[in-house]
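Colleague: I would like to learn how to read a structure of this kind one feature at a time. Could you give me the general idea first and then the case at hand?

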Amino acid sequence: MGFILSLPFGPVGIYCMELTIVEGRWKGYITALGMVTIDVVYSAVALLFLSGVKDYVVKYENYLSLFIGIFLMIISLKKLLTKIELKEINVDFKSMLQNYLTGVGFAIVNISTILIIATVFTLLKVLDDTTTVTTMISIEALLGVGLGGAGLWFFTTHLISHCRKLFGKEKLIKIIKLTNAVIFILASFIIIYTIRKIIN
């Protein structure tokens with residue numbers, strides 16, 4: 001569950017990978033841990049209030065999608081318009097705490113993650129119509145999400161930090177710009193599609 005939920009394909013995952021390239025492995029990893037923390041919190045919510053959460057997310061799905069689309073557009077546009085510089089790796093407690101809180105903030109905004117978590121739980125038979133959520137199941141599920149996510153991101157940031165050494169700065173900056181351009185385009189499509197659904 002932790003591996004699946006922490007696959008680095010979502011907007012927060014892409015941000016963590018970009019941060020690893022720009023500011024080094026540990027800043028990217030600590031930011032990812034902030035995201036994993038929210039995954040654990042949302043997993044607890046999904047376990048405790050599964051049916052209510054699903055109903056809520058489905059009911060306000062269009063507005064959540066619109067909010068997320070606008071949020072992604074603003075972040076990606078800001079990054080496209082800002083000059084990117086690969087910084088010297090500097091690790092200190094204050095910057096680490098800021099990175100962790102940034103990861104928490106980005107992840108907590110994406111409330112539709114609860115629906116993804118509930119779906120993953122259902123597909124992996126953690127939750128189904130015959131399952132009673134016991135304390136043991138809850139602890140195992142939350143540990144799985146936390147340890148699996150932390151482990152996957154440890155490996156991912158380690159791999160990306162090697163790419164930082166292998167590729168030149170100019171190539172890495174182009175990759176980051178291209179990624180943000182793709183996010184901006186996807187966010188635009190999400191906003192247009194969602195507005196059309198709301199109007200109809």
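Colleague: Is Ser-188 buried or exposed?

Modeller: The general idea is to compare relative accessible area with fixed cut-offs, where buried means under 20%, exposed means over 50% and partly exposed lies in between, with a 1.4 Å probe and protein chains only. Ser-188 has 17% relative accessibility, so this residue counts as buried. This is a predicted model, in which local features need pLDDT of at least 70 and side-chain atom pairs count only at pLDDT 80 or more, while totals for chains, interfaces and linings use all residues. Residues are numbered from 1 along each chain as its sequence is written, and side-chain values use heavy atoms, with hydrogens and water left out.

Colleague: In which helix is Ser-188 found, and which backbone oxygen lies 2.8 Å from a polar atom of its side chain?

Modeller: Helices are DSSP runs of H or I with at least four residues, strands are runs of E with at least two, and both are numbered from the N terminus. Ser-188 belongs to helix H9, which covers residues 169-199. For polar contacts one looks for a pair of N or O atoms within 3.5 Å; within protein, one must be able to donate a hydrogen and the other to accept it, and residues adjacent in sequence count only if both atoms are side-chain atoms. Here the side chain of Ser-188 has a polar atom 2.8 Å from the backbone oxygen of Phe-184.

Colleague: Which residues does Thr-194 touch, not counting those up to four places away in sequence?

Modeller: Contact means heavy atoms within 4.5 Å. Thr-194, which also lies in helix H9, touches Asn-62, Ser-65 and Leu-66 once residues up to four places away are left out. With 3% relative accessibility, Thr-194 counts as buried.

Colleague: How many helices and strands does the secondary structure of the chain come to?

Modeller: The chain has nine helices and zero strands, and along the sequence the pattern reads α-α-α-α-α-α-α-α-α. Of its 200 residues, 40% are buried. Among contacts between residues at least 6 apart in sequence, 89% join residues at least 24 apart.

Colleague: Which residues have the most contacts inside the largest nonpolar core?

Modeller: A nonpolar core is a set of buried Ala, Val, Leu, Ile, Met, Phe, Trp, Tyr and Cys residues joined through side-chain atoms within 4.5 Å. The largest one in this model has 24 residues, and Ile-117, Phe-121 and Trp-153 have the most contacts inside it. At least two residues of this core come from each of helix H2 (11-23), helix H3 (25-48), helix H6 (93-109), helix H7 (113-123) and helix H8 (135-166), with the largest share, eight residues, supplied by H3.

Colleague: Where is Ile-117 found, and with which residues is Ile-117 in contact?

Modeller: Ile-117 sits in helix H7 and is buried, with a relative accessible area of 0%. Leaving aside neighbours within four places in sequence, its contacts are Leu-5, Asp-39, Tyr-42, Ser-43 and Ala-46. Its C-alpha is also 9.4 Å from that of Leu-47, although the two residues are 70 apart in sequence.

Colleague: How many residues apart in sequence are Leu-7 and Leu-152?

Modeller: One compares the separation along the chain with the distance between C-alpha atoms, and for Leu-7 and Leu-152 these are 145 residues and 7.7 Å. Leu-7 lies in the loop between helix H1 (2-5) and H2, and is partly exposed at 41% relative accessible area. His-162, in helix H8, is partly exposed at 36%, and its C-alpha is 9.2 Å from that of Arg-25, 137 residues away in sequence.

Colleague: Which residues form a nonpolar patch on the surface?

Modeller: Such a patch joins nonpolar side chains (Val, Leu, Ile, Met, Phe, Trp, Tyr) within 5 Å, or like charges within 9 Å, among residues with over 30% relative accessible area and no salt bridge, that is, no side-chain nitrogen of Lys or Arg within 4 Å of a carboxyl oxygen of Asp or Glu. Ile-139, Leu-143 and Leu-147 form one, with about 310 Å² of accessible area together. Leu-147 is in helix H8, and its 62% relative accessibility makes this residue count as exposed.

Conventions:
Areas by Shrake-Rupley, 256 points an atom, 1.4 Å probe, with all protein chains shown as cover.
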